[in-house]
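I sat down with this one to jot notes on its fold. Sheet first, then whatever packs against it, then odds and ends.

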Amino acid sequence: MSRLQVVSGKGGTGKTTVAAALALALAREGKRTLLVEVEGRQGIAQLFGTEALPYEERKIAVAPGGTGEVFALAIDAERALLDYLQMFYKLGSAGRALKKLGAIDFATTIAPGLRDVLLTGKACEAVRRKDKAGRFVYDHVIMDAPPTGRITRFLNVNDEVAGLARFGPIHNQAQAVMKVLKSPETAVHLVTLLEEMPVQETADGIEELHRAGLPVGRVVVNMVRPHHLDEDTLRAAAEDHRAGVAQALSRAGLGGARRGGLAERLVEPLLAQAAEHAGRVELERAQRVVLAGLDVPTYELPLLGAGMDLAGIYELAKELRKQSVGE
């Protein structure tokens with residue numbers, strides 16, 4: 001299993017939730033994972049019910065069984081640039097003065113390529129970091145990355161930096177980042193729903209990642225809803241069985257089947273709901289065919305109901321473990 005897991009997806013597919021569940025699933029049997037946020041939304045803090053994450057690594061959860069730990073970090077481009085200036089140029093207090101003058105924000109705004117190098121660079125540094133005994137500090141780093149439409153450009157920092165610096169520390173930093181991002185140490189997972197637009201964006205994203213030489217991991221099909229009707233019932237839902245349904249409802253004690261009776265009044269909404277369900281199942285099957293054609297392995301996560309809480313994250317992590325994540 002790759003040590004850097006990048007999670008992207010179209011907006012609304014639940015990529016942050018999936019990233020959090022993946023971090024928990026991988027933090028097992030004494031493993032340590034770092035969950036990284038790069039968009040400044042504090043979505044991870046909201047999911048885990050903690051205060052806003054600072055620019056430092058903080059333990060936010062313990063894996064089921066209590067033997068693994070999940071740490072989190074919200075990477076701030078301005079703070080990362082100050083670290084960078086101190087690391088390579090030893091600016092110290094001068095760097096802080098630049099921040100007060102607004103120069104740091106100005107630099108990351110007019111040079112988005114630099115911003116991407118800083119954000120990805122911080123995550124890659126965590127991947128490579130070792131303790132005094134020579135062991136990796138984190139077994140896995142999971143990045144809650146930008147949406148699918150921007151993920152390739154975000155990760156392909158070499159192209160972004162080409163117009164900024166062709167040599168020197170910035171260039172060398174970009175080269176070091178790309179060495180990690182294009183290696184077997186990295187896997188880019190794309191989250192989708194069984195709907196046409198997210199699936200198409202996933203297909204486009206995979207094609208762009210392949211063209212850029214970035215490693216595609218898995219497609220995570222999120223919020224999969226159960227099928228309540230068997231095949232025969234699905235076919236019947238498209239036909240006119242009003243009389244038979246009314247009689248069945250009547251036999252179940254839900255009023256008379258005669259015209260205007262309670263059972264007869266229930267028929268129309270029940271058939272409409274069944275037809276809607278049958279239509280959704282057909283559409284989902286069509287999207288599964290498209291996903292199968294991408295030739296990328298998949299995980300599937302169920303729809304757990306309205307909203308998402310910490311218990312739901314643990315449940316999704318359990319589902320990922322069932323699908324042999326990390327093995």
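My entries follow, in the order I looked things up.

**Sheet.** I'm working from a predicted model, so I kept that in mind throughout. I traced the strand order and got 3-4-2-5-1-6-7-8, an open sheet of eight strands with mixed pairing. I then checked the edges: strand 3 (58-62) and strand 8 (298-302) each pair on one side only. For the twist, I have neighbouring strands turned by 25° against each other on average, direction ignored.

**Strands 6 and 7.** I zoomed in on one pair here. Strand 6 (residues 186-192) and strand 7 (residues 216-224) run parallel, and four bridges join them. I looked for what faces valine 191, and in strand 7 it is valine 220.

**Helices over the sheet.** I asked myself which strands helix 7 lies across. Helix 7 (residues 148-155) covers strand 1 (4-9), strand 5 (140-144) and strand 6, and runs at about 145° to strand 1. Helix 14 (residues 310-322) lies across the two edge strands, strand 3 and strand 8. I noted its direction too: helix 14 runs at about 145° to strand 8.

**Helix 1 against helix 14.** I wanted the angle and the distance, since two packed helices are described by the angle between their axes and the distance between the axes. The axes of helix 1 (residues 15-26) and helix 14 come within 8 Å and cross at roughly 65°. I have the crossing down as right-handed. From helix 1, the contact takes in Thr17, Ala20, Ala21, Leu22, Leu24 and Ala25. Helix 14 answers with Ile313, Tyr314, Leu316, Ala317, Leu320 and Arg321. I sorted the contact residues by type and got ten nonpolar, one polar and one charged.

**Cavity.** How many cavities of 30 Å³ or more are there? I count one. The largest cavity holds about 40 Å³ of space. I listed its lining as Val7, Val18, Leu22, His189, Val220, Tyr299 and Leu320. That lining divides into six nonpolar residues, one polar and no charged. Some names were already in my notes: Leu22 and Leu320 belong to the contact of helix 1 with helix 14, and Val220 is the residue opposite valine 191.

**Backbone oddities.** I also went looking for positive phi outside glycine. Glutamine 42 has a phi of about 60°, and I found this residue in the loop between strand 2 (32-37) and helix 2 (43-48). Serine 324 also has a positive phi, of about 65°, and lies in the segment after helix 14.

Notes:
Residues numbered from 1 in each chain as written. Predicted model: local features only at pLDDT ≥ 70, side-chain atom pairs only at ≥ 80, totals over all residues. Heavy atoms only, no water. Pairing = 2+ DSSP bridges. Axes fitted to C-alpha atoms, helices over the stretch in contact; angles between N-to-C directions. Contact = heavy atoms within 4.5 Å. 1 Å grid on protein atoms, 1.4 Å probe; cavity = no way out; pocket = protein on both sides within 12 Å on 5 of 7 lines; lining within 4 Å. Points joined across faces, edges and corners; volume = space filled by probe spheres on them. Nonpolar A, V, L, I, M, F, W, Y, C, P; charged D, E, K, R; others polar. Left-handed = near helix turned anticlockwise from the far one by under 90°.
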